[in-house]
Amino acid sequence: MMILGIVVFVVGLLFSIAWHELGHLSTAKLFGIRVPQYMVGFGPTLWSRHKGETEYGIKAIPLGGYIRMIGMFPPGDDGRITARSTSPWRGMIEDARSAAFEELRPGDEKRLFYTRAPWKRVIVMFAGPFMNLILAFVLFLTVLMGFGISQQTTTVSSVSQCVIAQSENRDTCKKTDPLAPAAAAGLKAGDKIVSFNGVKADNWNQLSDLIRAHPGKDVSIVVDRGGQDVTLHAKIATNQVAKKDSHGQIVQGQYVNAGFLGFSAANGIVRQDFGQSVTWMGDRLGEAAHSIASLPSKVPALWNAAFDGAPRQPDSPMGVVGAARVGGEIFTLDIPPTQQLAMALMLVAGFNLSLFLFNMLPLLPLDGGHIAGALWESLRRNLARLLRRPDPGPFDVAKLMPVAYVVAGVFICFTVLVLIADVVNPVKIS
C-alpha cells in the first residue's frame, strides 16, 4: 500500500508538470511562437516523438519539465538571438543566447518570443502556473464536494462534568470547579444539536460562535436524540477558552473569556457546498502564500531537523521525496479507501497550489521573473510614448541572468537541505 501511494503521487506529479508546460505550449503556439521541444522531466530522454515542428518527450528525472521557445531573449550586442528553457532548473545551465541562435531556421525571424507584444508574453508565461491553479481548484472542489473532509460536527462526542479554564490544560475536575452547563442541562454523548436558542445549527463553527456569544445567558437547545427532538435548557457559563482567528481556526496559546457549554464535538466526514468550498480554498490560498513568504524563517529549524536530530515541525517545507513519502503513508492509514483517495488528491492539489505561487515569484529564472520583465518593458515603452521619447526597444531580460544564477543557486541549496531532511527526518502523518 505504501508503494501504491507513492506511485499515485508520482503519477499526479508528472501530470501536474505536463499540465503546467501544456499551458506554456498552447499559448506560445497560439501566438505563433515556434516551440522546438516539450519535455516532462530532466536528464536522459526515455521517449520522444516529433509531431509537426515540436519534439514531445519524457525524460528520466521527474523533477520538473520545460518547453523550449525560440527567441526568449532579444539579440545581444553581437546580434545573436537565442532560445531558452522555460524551466528554472534547465535555465540555470543554458547559455542565455547561444543555444537559440543555433536553433534558428529560415522564417523564424517573425516567430521569436521577444518580438511578441508584452501582454502576449505575460499570457504565455502566466499560462503555466495558471494551469496548476486550475488543477488545484478542480481537485480541491472534487474532494470537498464529492468526498467531504473531516471536521468537527454538531454531534456531541463527550460531555464535560465541570468548568475548567482551557489554559489550565487539565481534564480532572476539582471539588471547587462548578458543574458544566452541558452536564447540568442533561446533554448526552451522541446527541446532535439541531438549534441553539432558536437559531438553526448548521455547522460546528457557527454553533461554537453562538455559544461563545452568550456568556451568562439562559438558552434553549434542541437536540436530535435517537430520532426524537428533545429541548434542553442551560445557563451558559463564562470561561477562558481558546481564541479563534477570523477564519474560525484556533490560535494556539491565546485565550479569551467567552461563553462555555462544556462538550466535545465529534469529528465526521462532511461534504461542502460550492460556497463553502470556495471559502475553504481561499483560506488555503492565503495560508500557502504566507507559508512561501515565511520559507526563509524556517531554514534554521529545517537545518536542525536535518543535522541535529531536532523534531521535524508539522508545517516544515517538504520536497518531492517527502511528499511522495507522505503519499505512500496515506495509503497505509486505517481509514476507508475513499478517504485515502481523497487525501491523496488533496496532496496533489496542494502541490499544484504551491507550484502556482512559487512560479509567480517575480524572480528569474521563474515564470514570474519573465512576467515582471514583460511588464517592465510595457511600462517603459508606454512612458516613452507618453513623454514623446524614442522607443527604448525590448527589455533585455538576459542581462538579469547573473541574478538568475544566484537565485537558482539558492533554490538548489534549499532543495538539497529539504531533501536531506525528508530522508533522515521526514514529516509523518500517522
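Biologist: Which helix gives the largest share of the lining of the largest cavity?
Modeller: This is a predicted model; local features need pLDDT of at least 70, side-chain atom pairs count only at pLDDT 80 or more, and totals for chains, interfaces and linings use all residues. A cavity is a set of points on a 1 Å grid over the protein atoms alone where a 1.4 Å probe fits but cannot get out, and lining residues have an atom within 4 Å of a point. The lining includes His370, Gly373 and Ala374. The largest share, three residues, comes from helix 11 (residues 367-386; helices are DSSP runs of H or I, at least four residues, and strands of E, at least two, numbered from the N terminus).

Biologist: How many residues of that lining are charged?
Modeller: Asp, Glu, Lys and Arg count as charged, Ala, Val, Leu, Ile, Met, Phe, Trp, Tyr, Cys and Pro as nonpolar, and the others, Gly among them, as polar. Arg121 is in the lining, as are Phe113 and Tyr114. The lining divides into seven nonpolar, two polar and, for charged, one.

Biologist: What loop holds proline 365?
Modeller: Leucine 364 and proline 365 are joined by a cis peptide bond, with omega about 10 degrees. Proline 365 sits in the loop between helix 10 (337-359) and helix 11.

Biologist: What is phi at asparagine 169?
Modeller: Asparagine 169 lies in the loop between strand 4 (149-159) and helix 5 (181-185). Phi is positive in this residue other than glycine, near 55 degrees.

Biologist: How many charged residues are in the contact of helix 1 with helix 4?
Modeller: Trp19 and His20 are among the helix 1 residues that meet helix 4, where Met125 and Asn132 are among the partners (contact means heavy atoms within 4.5 Å). The contact has 11 nonpolar residues, seven polar and, for charged, none.

Biologist: How far apart are the end C-alpha atoms of helix 1?
Modeller: Helix 1 covers residues 2-30. Expected span is 1.5 Å times one less than the number of residues. The 29 residues of helix 1 should therefore span 42 Å, and the end C-alpha atoms agree, at 42 Å.

Technical notes: Residues are numbered from 1 along each chain as its sequence is written. Side-chain values use heavy atoms; hydrogens and water are left out. Axes are lines fitted to C-alpha atoms, for helices over the stretch in contact, and angles run from 0 to 180 degrees between N-to-C directions. On a 1 Å grid over the protein atoms alone, a cavity is a set of points where a 1.4 Å probe fits but cannot get out, and a pocket is an open set with protein on both sides within 12 Å along at least five of seven lines; lining residues have an atom within 4 Å of a point.
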